[in-house]
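Trainee: Could you take me through one part of this model up close? I'd like to start with a single helix and work outwards from there.

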Number of protein chains: 2
Amino acid sequence: MDKPDFEKLPSLPPEGSRGQAVFEALRAAIHAGHLRPGMTMREEQVAERFSLSRTPVREAFARLLGQSLLEHGGGRGLIVRSLGTTEVYELYAMREVLEGAAAGLAAHHAGPAEHAALQSLQERFSALSADDIEEAVHINRRFHDEIRQAARNRYLDGALDQMADGIALLGETTLSDPERHAKAVTEHQAILDAIKAGDATAAESAGRQHIHEAFLKRKTAFRS
Amino acid sequence: MDKPDFEKLPSLPPEGSRGQAVFEALRAAIHAGHLRPGMTMREEQVAERFSLSRTPVREAFARLLGQSLLEHGGGRGLIVRSLGTTEVYELYAMREVLEGAAAGLAAHHAGPAEHAALQSLQERFSALSADDIEEAVHINRRFHDEIRQAARNRYLDGALDQMADGIALLGETTLSDPERHAKAVTEHQAILDAIKAGDATAAESAGRQHIHEAFLKRKTAFRS
DNA sequence: GCTGCATTTAATGTATACAAACGGATCCGT
DNA sequence: ACGGATCCGTTTGTATACATTAAATGCAGC
């Protein structure tokens, strides 16, 4: 249970209340990998780091606990959750469903502007060299975000946010493998084609398949 | 923006911290219909009602805000969220997906004991007289809960909880109509048959269809 | 009589002080 | 030396007091 490197934590966004700002900062830190599963934090530590009192920190912790990003560590602070193999399986099973649903809904609702945006992202994604992992992750995220927006469903949005939190806890991306990147390009193309054709059933199927492939890749990474 | 009848609020469960207790009490009050959309609450009001300070109440509010059950009412307290027609559409679209997924996963994972439990609930549900709405709602909920448990996916669980919160905000059940009850019996039977047969595809389809029918019923109720 | 601004007021946001609960270490008894 | 109970320190849980902010109100000017 090592301690996080608080120096690297992002500073607080000035918008909104401090409590919400702390919440977002910690969530961002987990997503950025600065806070990793197993790390422990005390309320006072975080409060000092951000030059605040414990009160807004507690508020942030309450929300993070509610989203299962943190858990009580008995006497010794709060712990960044780590996912067991069962949970990873469940996470990907759910993500298959949700990304499938997002693609399906996007096929219904996406307009020409969104088709073009997706097309552009897809072209940039496929043109990337295999070693530029950071950019690949970035564009991949924007591609999926665009689909999510086109789906126009705030509940789906919320559920996908939960998925993103879970994936963040897992750490390393599956896109680090060049072979996986190449496959992802093909899978994205299938999703995009179905969305442009307005074929919800095909889009849903392609979306599910895409996550399923990522899951298979993730599973092999486990055993190594 | 009337004020809630705080007298009818359930008392605090003794387990856990007071903050969590308040959270659950308020959530239960919304589900029970004692707190209805548009009602406003101030921190101090709730604190007095439960003989607490504002601190644990704030913690509860933070979580309720995180789950979009409450929203800031500007200067005048917090407001129980009310759903616009767009959100209702989105809610049911998402619920179709999730209940479908639950049925599909249940078809994979459910064992004989769960088949029997579902069968029993289905028989009790179909035997109900048309005017016993309260019991119908109760058994209906247990039926869906049983499927959810059989699905064995905690992320799906969380997402369905969100759906339940949203439905609670809508108020009246669609089961109040005798005709709807009869249809629901048939639809439940289709889900049950598919689960018992281990046919995930059919189960998912039946689950979606069931929610879709409820949605159609809900839409007609709007216009009245 | 209406509009705009200043004032007032009531609510939330934050800080600090205190209480309770939990773990860990130590000391006693066997 | 080993087991157990107790003491102590640390950390969270709660209460209260203070700061801040945003809406409501009243007044003045037009």
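Mentor: Sure, and one bit of bookkeeping first: the expected span of a helix is 1.5 Å times one less than its number of residues. Keep in mind as well that this is a predicted model.

Now take helix α1 of chain A, residues 18–32. With 15 residues, α1(A) reaches 20 Å from its first C-alpha to its last, which is close to the 21 Å expected. Right after α1(A) comes Gly33(A), whose phi is positive at about 85°.

Which residues of α1(A) are buried? The list runs Gly19(A), Val22(A), Phe23(A), Ala25(A), Leu26(A), Arg27(A), Ala29(A) and Ile30(A). As background, an α-helix has 3.6 residues a turn, so residues three or four places apart point the same way. What the buried residues of α1(A) pack against is α3, β3 (78–80) and α7, again in chain A.

Next, the DNA. α1 and α3 of chain A, along with α2 (43–49) of chain B, each put at least two residues into the surface near DNA strand C. Of these elements, α3(A) has the largest share of that surface, 3 residues. There are 17 residues around DNA strand C, and Arg18(A), Ser53(A), Thr55(A), Gly75(A) and Glu43(B) come nearest. Sorted by class, the surface near strand C holds 3 nonpolar, 7 polar and 7 charged residues.

Over at DNA strand D, 20 residues surround the strand, with Arg18(B), Ser53(B), Thr55(B), Gly74(B) and Gly75(B) the closest. Two or more residues each come from α2 (43–49) and α3 of chain A, and from α1 (18–32) and α3 (54–66) of chain B. Here α3(B) supplies the largest share, 3 residues. The class split near strand D is 3 nonpolar, 9 polar and 8 charged.

Back to α3 and α7 of chain A, which α1(A) packs against, since they turn up again where the two protein chains meet. That contact takes 20 residues from chain A and 20 residues from chain B. On the side of chain A that touches chain B, α3 (54–66), α4 (85–109) and α7 (154–170) each supply at least two residues. α4(A) gives the most, with 8 residues. By class, this side of chain A divides into 10 nonpolar, 4 polar and 6 charged residues.

For a closer view of that contact, look at α4(A) against helix α7 (residues 154–170) of chain B: their axes come within 7 Å and cross at roughly 50°. Angles from 35 to 65 degrees fall in the oblique class, so α4(A) and α7(B) are oblique to each other. From α4(A), the residues making the contact are Glu87(A), Glu90(A), Leu91(A) and Met94(A), and from α7(B) they are Arg154(B), Tyr155(B) and Leu156(B). That set divides into 4 nonpolar, no polar and 3 charged residues.

Last stop is helix α7 of chain A, where you'll find Leu170(A). Leu170(A) is partly exposed because 17 other C-beta atoms lie within 10 Å, and a buried residue would need 20 or more. Leaving out residues up to four places away in sequence, Leu170(A) touches Leu83(A) and Val88(A). Have a look at Ser82(A) too: Leu170(A) and Ser82(A) are 88 residues apart in sequence, yet 7.7 Å apart in space, C-alpha to C-alpha.

Conventions
Residues numbered from 1 in each chain as written. Chains lettered and ligands numbered in written order. Predicted model: local features only at pLDDT ≥ 70, side-chain atom pairs only at ≥ 80, totals over all residues. Contact = placed C-beta atoms within 7 Å. Helix = DSSP H or I, 4+ residues; strand = E, 2+ residues; numbered from the N terminus. Nonpolar A, V, L, I, M, F, W, Y, C, P; charged D, E, K, R; others polar. Buried ≥ 20, exposed ≤ 12 C-beta atoms within 10 Å, placed from the backbone. Axes fitted to C-alpha atoms, helices over the stretch in contact; angles between N-to-C directions. Parallel < 35°, antiparallel > 145°, perpendicular 65-115°, else oblique. Near = placed C-beta within 6 Å.
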